[in-house]
Structures are given as C-alpha cells and as structure tokens.
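Please look over the sequence and the structure shown below before reading on. The report then takes up a few of the structural features in turn.

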Amino acid sequence: MIDNGLPEGWELVVGLEVHVELATKTKLFSGSPNRFGDEPNTNIDPVTLGLPGALPVLNQHAVELAMRIGLALNCTVKPSTFHRKNYFYPDLSKAYQITQYDEPLNVDGFLMLPGGVRVGVERAHMEEDTGKSTHFGGAGGRIHGSDYSLIDFNRAGVPLVEIVSHPDVRTAEQARQYVNELRAILVAVGASDAKMEEGSMRCDANVSVRKYGAELGTRCEIKNVNSVRSLGKAIEYEARRQIDVLETGGTIRQETRHWDETDGRTHTLRAKVDANDYRYFLEPDLVMLAPDAEWVERVRAALPVLPAARRTNLAALTGAEEDSEAIAVVVERGQDTYIEEVKNSGGDAGRALVWVQQSFAEEGSAPRLPAKDLAALTVLERDGKLTATQAKTVLGDMLEAGGGDPAAIAASKGFEALDTSVIEGFVDEGIAAQPDAWAKYCAGEEKAMGALVGTIMKLSKGKADGKVVTAILQQRRGS
Amino acid sequence: MSNFTSATSIAQNVASGAQSAASVVEEHLQRISQREEEVHAFNLVTSTEARERAADLDARIARGENVGPLAGVPIALKDNMCTRGIPTTCSSKILEGWKPPYNATVVDKLFAAGAVFVGKTNLDEFAMGSSTENSAFGPTRNPLDTSRVPGGSSGGSAAAVAAGFAAVSLGSDTGGSIRQPAALCGVVGVKPTYGLVSRYGLVAFASSLDQIGPFSHSVADAALLTEIIAGYDPMDSTSIPKPAPSLVSVLGRGVEGMRIGRVADLPEGADADVLARLDAAFVALEKAGATIVDVKLPSLSYALTAYYLIAPAEASSNLARYDGVRYGNRVAANDMNTMYADTRAAGFGDEVKRRIMLGTYALSAGYYDAYYGKALKVRRLISDDFAAAYVNADVILTPTSPTVAFPFGAKTDDPLTMYLCDIFTIPTNLAGHPAMSVPFGTGQANMPVGVQILAPTLGEEAMFKVAAVLESAA
Amino acid sequence: MSERLSAADVAKVARMARLNISAADVERYTQQLDGMLDHFADIDNLQLADVQPMTQPFPLVNVLRADVEQPCLDREEVLGVAPAAEQGRFRVPPSGGEDE
C-alpha cells in the first residue's frame, strides 16, 4: 500500500484529461494564425467565426503533431473520424465543437512515470478550441452575477489534442509526475509549448475514492486547475471532501467541480435544468482521417529521443541517479546534449551535471558557454587544482564573459589548490578541535564527518579541497 | 423551348461584339421592371452592380480581352449563396441585412467566366420547403400562372429564368429544390453529383445532401453552367478531386444503345397527367434508339422518412449558429439563454422551427438509434438499390414532381402533404447521385410537366445525352 | 394522435434548440411532429441489423490542407455587422453560469 496521505484504508483513484494546444502556424480547420497574445478578433476567418457557408478543411501539420503525441505515448494510430458536439455557448461560434468521438486517432497507449508507475493512456484525440469569454461587472469578473461578457475568437479553432488517461493514478504526487512527464514529452516532440500558465496546456482530474478492494467510487471532474501545484492540492482537497461525505453516511454525486485557488476548495456549479445532451453525430463536412502505415512510420521515425530515455542516458553518462533532481532538471531544459559535448571535450560529466543544474537555469538547450571551456574547468576540479568554491567563482566569470580559459581566470584570482602537506596540517588541527566528532567518526558514524570537514575547511579559509580533506580523513580512520 | 435568348448565344454575341453586355443587361432589367412586382422572384435586384459590371466587360472586350465563356450572361443567384458585400438572407429574418465578407466558390467561378449578376432570388427560408411560400419576405409566384406556386425551395431562381429576368440562375438542391421548381416553371434544372460543385459559401441546410446546380431554358445552357461551376475546390473537404466533366460536347451524341430504366415499383402518388408525360418520354427515347429496361428500387418508398430525419438532424446543427452573437439579428435580453431563445424564436419561421425541433429530437439521447441512426441505414439501402439498378440501366426516368404547379395555400395546412412533393427527387440526394428535370410537355391546366433523369455517381454525361434527346422531342 | 411524443418532449426539445415558443405553439408542434413520426414509423419493421449506416455519399479519405497562413477577415468589417461589439470584441449578455 502506498502513502497517499489519506485516512487509513482509503484508496485514491484519479484519471487525468489533459488538453494541449498544438504548435501549428494555423487553425485546425482554417488558415487564420494560431498565435497567442494578438489583438482580440484579429486571427479570424469565415470558418473560425462560423459564418454561414464556411467549411472546415483539416490541417495536415496538426494531424502530424497529434500522431507524434500518440506515438510518443505508445498509442496505436487508427483510422478516425470527426463528430459534432452540439451545445450553445457564446464563445463556440458554430454552436458545435468538432471533435473526435468514438473513433479517435490515437488509442491504447501508456506513459511510464519516472518512479516506474505505468499510467494507461486510453486515447489522444484531436479537437478544436473555443474562443475566449471575459466577464465584466458583477463580482469581479466571475461568470456568476456578471453584467455582460466580451468574446474574442482568436483562440477559436486552435488545434487541441486531448489526452485521456486510464484511472491509474493513485496519489497526488503521481498526478503531478504524470503532468510533468507528459509536458516534457510534448515539448520534446515539438507538439506544444505546453504552458499551463498561458493555457496552452489544461488539466482536468477525475477523482474518486474507495476502500481498498472495493468497486470504483463515483467520480467528480475537477476543472479550472492552472498549475501542476494546484493539481496536487485540488486532488488532495477533493479526495478528503469525498471521504468526509462518505464517512458521514453521504453519497457522492457525479458532477463537475471547479477548483478555486483563492480558498483552496472545489466548488459545484449551479445545477442545470436539463442534463447535457450533446447530440453527437458524424461531421458531414469532413471526411475520414486514416493515416496509412507509411505515413505513421515516417512520423515515428522522425520522433526525437524521449525524456525518459534521455534521463537514462544522462544518468549513465554522469553516474547520477536516474530519478535525481539534477537529471530531471537538466533533461527538461534540454541541456543533456550539452553535457555530452562537455564529456566529449574531455571534461568530467559528473561535475558538468552539477554546474549545469546549478548555474544554467537561464540558458536554453544551447548554452552560450563553449562546452570545451566547461570541460577544462571540470578537469581542473577533478585534478584537485581548484576547490568547488573556487570553481564556482571561475564559472561565474566564464558565464558572464561567454567563455574563457578557466586556468587563466583561476590564476588571475590567485586560486591555487593547497599542497596536500598543508592540508594534512589543517586536518591535525581539526581533529584536535573536534575530538568527540573524531571518536564518533572512527566508530563508524558517517554523519560525524560533516562536522570535521566543516571545521577543517574553516581553518583553511576555504582553500582546502573538500574532496582531498575527505580522502585524508578516510585514510586516517583506515577505511 | 422559350423565346428568350440562350446563355450560350448571349455569350457568343457579347464575346464577338455582336451585342454589348450593357444591352443584354438592360433587356433583362427591363423585363424585371415589368414583371418583378407580380412575380417576386428576387430578394434583391442588383441593377447598379449589373450595369457597372456590363460596362466593364464591354470595355475589356473592346480591348480585345477574352472575358470568359459566360461573357455578359445575366445570372441570378439563390439568396443562400454568399456574395461579398451584398446581402445574403436565406429569406430569413434572422439574417436580414447581413452582408457576407466573402464570396461562395461558385460566385467567384461565375465572375471569372464573365457572368453578370442581376440579383439574389427568393427561396423557402433556409431552403426548407417545396413552394417558396416559406419565405420571410413573401412568396414567389409562378410566371406561367401567378395563382400558382413556382415550387421550391429555389422558386425564385426557377421563376427568374422562366420569366426571362436572367438567362440562367443557380439554385441549391437538398431534396429536390432545383428539380421540382424547374419542373413546375417549365425550365431545365440540374442537381449534379454530390461533391462535383463546391459547397463553400453555400449556406448549409443539410450538409451531406446539399448541392448547387443551374436553371436554364435549354439543356445546352445547363451543360455549360454545370461545366463552369463544377470542379475540385480545396475549400470544401467533400469536393471530388477530379476535373470538371465535359458536358456540352456530348449533347449531340444521341441515346442509341443506351439502357433507360423504368422503375417497376415506383411509389404511388403521381397524377395521371404527369405519368402520361413520363410514358411519352419513354416512347421518345425508344424511338431515338434507346432500350427501356425495368428496374426495381424496393427501398425507394422509405426515402421520404430517411430524408426527413437526416436533413432536419443536420439542419438542427447547421442552424444553431444563428444565435445573435456574431451576425444577423438579435432580440435583446438580460441573460444569454433568453437572448438565444428569443432571437431564434423571432428570427426563424414556422417551418424552420419545426425542422430544427424534429432534427434535435432525432439526434437526442435515447432517440438517436430509433430515428437518426435508423435513417442512415435506410439511406444505405436506397444507395444499394440504385447500385443494383445501374447494373442494368445507364439512367433511370421518373417524374420530377407528382403534380404540376399547385395553387397557393394548397399544401400549407399539413406539413407532411408538402413533404410528399419531394418523393421522386429525394432518393437521389440520399444516394448523392446526379439528376435533372427537363420540361416535357404540359399537364393539367396547361402547366408544364418535368421528366426527371437519374444517373449514377458522376454519370452526368449519360444524363445530359438523354436530356438533349428529350428536349428535342418535347 | 399516436402519442409518439408528448408536449413535454417538445418543450424540452425547444429548450435544447434555444427556441422560445408559446404553450399554444408547443401543442401545435406536438401534433404536427407526432403525425410525422407516425408516418416515419414505416421504417420500423425493416431488417437493419446488418446494414452499415451511410453518412456521406462520396467516401473520401485524408483530405488535408497545408499549414499555411491565409489572410484574415477585417475585424472592423466583421464587428460592424455584429449585433453588439466593444473593445474589439463581441458583446453578449451574462451567461447565468451555464457554461461548458
């Protein structure tokens, strides 16, 4: 049983529905630009506005990006169709959304979480986005009690892929991992910039709880979650709410609930007069989409190495743990190939990983500092010519200048690693100053080494190489 | 044949300089000014634009330019085809005053061919009807007898040609809306194969059934117009990716050796005068060297049901966009749903509302399988019936309309009675096949009778060959 | 009347289709639609289990367009014919919370 943070005996069951906007130049069914942040209603055409007589034509690049997503998620690409989902809402220009319904493009895939949990992907289908409503007056821009709304159709018709997971997620942390991993994949395959803050990635969670071994409970769909952090909080809140209801003898009603970031709760919307009846039917203005094997294989062959494989590779290269923070961060930034270059230039990949994680947050996947310069720095470090503290200072100068010879920079700063005999002296002084710590360390308490090293470094005014100090201490203990 | 000059002759005369486009336009505008008040074929007569256009064409011809195969031909457009900057109403109050910001593909094609647009013609609101009595702007009258309907829904386009207001016109045909008014007004009307003519810019009624086609006085004009408006359009996903067929060139080839299908189990309902003309048509074709063969279409009698479930279902979705948000008229209200419901209640006429409700019901949860789903299967049966029949026949002949043009109000009490006007035309739309109506003599009250020629997918050549022979035998 | 559908059904359908119709009209439409459904019952006894539904007359596959920008409509022209617009956007009354 895993720790899901819930009261004893309760299991959390979560399925995730993630919408991503595809990184195309134009809309899913027409040629107006797919561009975020433009003046309202400037990216519009007859199809986008649902003008009488306008007809949709499918964007080939959107299909390819959708296939990339499906293939990266281990899905099968199948012949598929588009349906009309009919409902009235002012930002839905045609009063129907064109979406893939019972025959989606990608089916039956999965995503492996970094911790090794497998989350099934039921489908990844294509659909069009709606326009954007902004509510004015009333209580501060909310739907309820507003005086009027203004509609911008720039986003209408933007291609989306909706990725629907199986209810395989068991903890809020897994949900966060799923979304993070999915985002990494989407960015890696070039399908989307997947920014939750800008709305190019949106996540709804179907949450239910049950006693271990029991039938699936009634689920609630949680919407309006705007960050990965909120997703975890919303799931945790909703699970506890459901358990409270069930433990006090109540029942869960299947409904859509909105997450409210300000009060940290989920809220039910006002009940509707009639249940939603979307009257789905096959879109007669579009034809079947059935990529042949040749097309599917062409897209598959062009897929880049995916984040999971890149993490494995980078871990092997650097000696770091595969699920470490450093590996995750560096792969997400796309800086793993840079570390490979450092290694190929004769550098120390392990030290390079540390520096890249710590100091390259502002750099993209192609850092300005030449790989050979960072390689030279890691060599100095490895050879004991610079301490970590000194190396950090040198790296700061190199990054500022966009390159440079680390040995020359170190020399100009008067950085010289202390001779081992000098360090031995500091070690003597340190052991004398911390007899208790030394005794504990000799008795096998590894933690005690920290206090010793700290004291010795202080005595050397930071000039001793921590690695050399550690080695001397180990040698003296006889381990 | 009428006394009016054919589009083919006008184009030749104008292109050669024998006649100016301006004089052709004046001739037609004059007929409009004489009879339009009585006939009401148009929602809008674009006389200023037509005169400017004719002057421009004349100037270009004087400079030696080739202005296209429809040089100076006055043409009327059904008012459900988008014309940039010119009101397009679908004869509905909900769109009254709306000016599209773009042209339908057919409009661009006709313009490029040198045609002169004289106006937008009246129709049953959103093309829903068989008499043009459902127009929000008043009915069109049959130019041959103004106490009678012109048929519908393209009644205005049929009447405009019959009255000589335009040499040719375009209509749209979802269940017979070109062929039935053509028959009732004594002109030629063609519904091409689904996908042959682009629907881009045609305001949708039922997307899987709608098709644009021409009205004309002669079979040759109809062939010319069909050639010009046909052809692949990348803006319409259902457009057939093939070049437009060559039709004018096949007209003289006769029907020698062709197999003409007679439907042995033709649904009942046609008047005797209409059936008599159909018989005469078979005789004429046989005399011209064709063989008459019996075919069976056992599912044909279910076509009406399939059609009146499928077409309203698609329409209920297609017409949902008229919500008072982006264009058209709005009834103001304090909340969104009241605005929607009041706007649509005030903007749509009775028949449109009825079909929207029927279609919404047929698609709704719990009823989809019983109605819409079943209708799609019946559609397949009908299509399969035709496929079997066309093994033995090249074309099939039926009446176009069960009756000649009827008096106003004759079928307005019970919607079903009106729906039965389409029993012979609907099956082709379900199958997506081409069909056309050719005038073939007269029936009761000396009103014209049309004979309908049906052909398989992309069978326009055979259809036009037969039409040409019937025309000369009429 | 065969009572294939009730006035309540028609009222519900009218709400779904956003048509505000009077009680008298509900009655009239109920009668007319019921009559039609009665007529449409002619297909009820057909054997359709093995029949594939036909949704389009001319089956095409993979009709696609290149991802190339086309000119946009002019915003002022479009908003100029809108029932209500301000700040470059379409103005509508409040939704009352029934959002999607």
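What follows is a short report on domains, a sheet, a chain contact and a helix pair.

## The model and the domains of chain A

The model discussed here is predicted. Chain A is divided into three parts, with domain 1 covering residues 10–300, domain 2 covering 307–412 and domain 3 covering 420–477. Between domain 1 and domain 2 of chain A, the C-alpha centres are 38 Å apart, and the contact between these two domains takes seven residues from domain 1 and five residues from domain 2.

On the side of domain 1 of chain A that touches domain 2, the element that gives the most is helix H2 of chain A (residues 172–188), with four residues. By class, this side of domain 1 has five nonpolar residues, one polar residue and one charged residue.

## A sheet built from two chains

Strands of a sheet pair through backbone hydrogen bonds, and the pairing may be parallel or antiparallel. In this model, an open sheet of four strands follows the order E8(A)-E9(A)-E3(C)-E2(C), and its pairing is antiparallel. Its edge strands are E8 of chain A (132–136) and E2 of chain C (85–86), each of which pairs on one side only.

Within chain A, E8(A) and E9(A), the latter made of residues 148–152, are paired in the antiparallel sense over five bridges, and Ser133(A) has Ile151(A) in E9(A) as its bridge partner. Across the chains, E9(A) is joined to E3 of chain C (residues 89–92) by three bridges, again in an antiparallel run, and here Ser149(A) has Val92(C) in E3(C) as its bridge partner.

## Where chain A touches chain C

The contact between these chains takes 44 residues from chain A and 36 residues from chain C. On the chain A side, the elements that give two or more residues are strand E2 (58–59), helix H1 (60–72) and E9, and E9(A) provides the largest share, five residues. The side of chain A that touches chain C has 22 nonpolar, 13 polar and nine charged residues.

## Two packed helices in chain B

How are H8(B) and H15(B) oriented to each other? Helix H8 of chain B (residues 272–287) and helix H15 of chain B (residues 460–473) pack at an angle of about 105°, with their axes 10 Å apart. Because angles of 65 to 115 degrees count as roughly perpendicular, H8(B) and H15(B) are therefore roughly perpendicular to each other.

In this contact, Ala281(B), Ala284(B) and Leu285(B) of H8(B) meet Val466(B), Val469(B), Leu470(B) and Ala473(B) of H15(B). The residues of the contact divide into seven nonpolar, no polar and no charged.

Note on methods
Residues numbered from 1 in each chain as written. Chains lettered and ligands numbered in written order. Predicted model: local features only at pLDDT ≥ 70, side-chain atom pairs only at ≥ 80, totals over all residues. Axes fitted to C-alpha atoms, helices over the stretch in contact; angles between N-to-C directions. Parallel < 35°, antiparallel > 145°, perpendicular 65-115°, else oblique. Nonpolar A, V, L, I, M, F, W, Y, C, P; charged D, E, K, R; others polar. Domains from an automatic or database assignment. Pairing = 2+ DSSP bridges.
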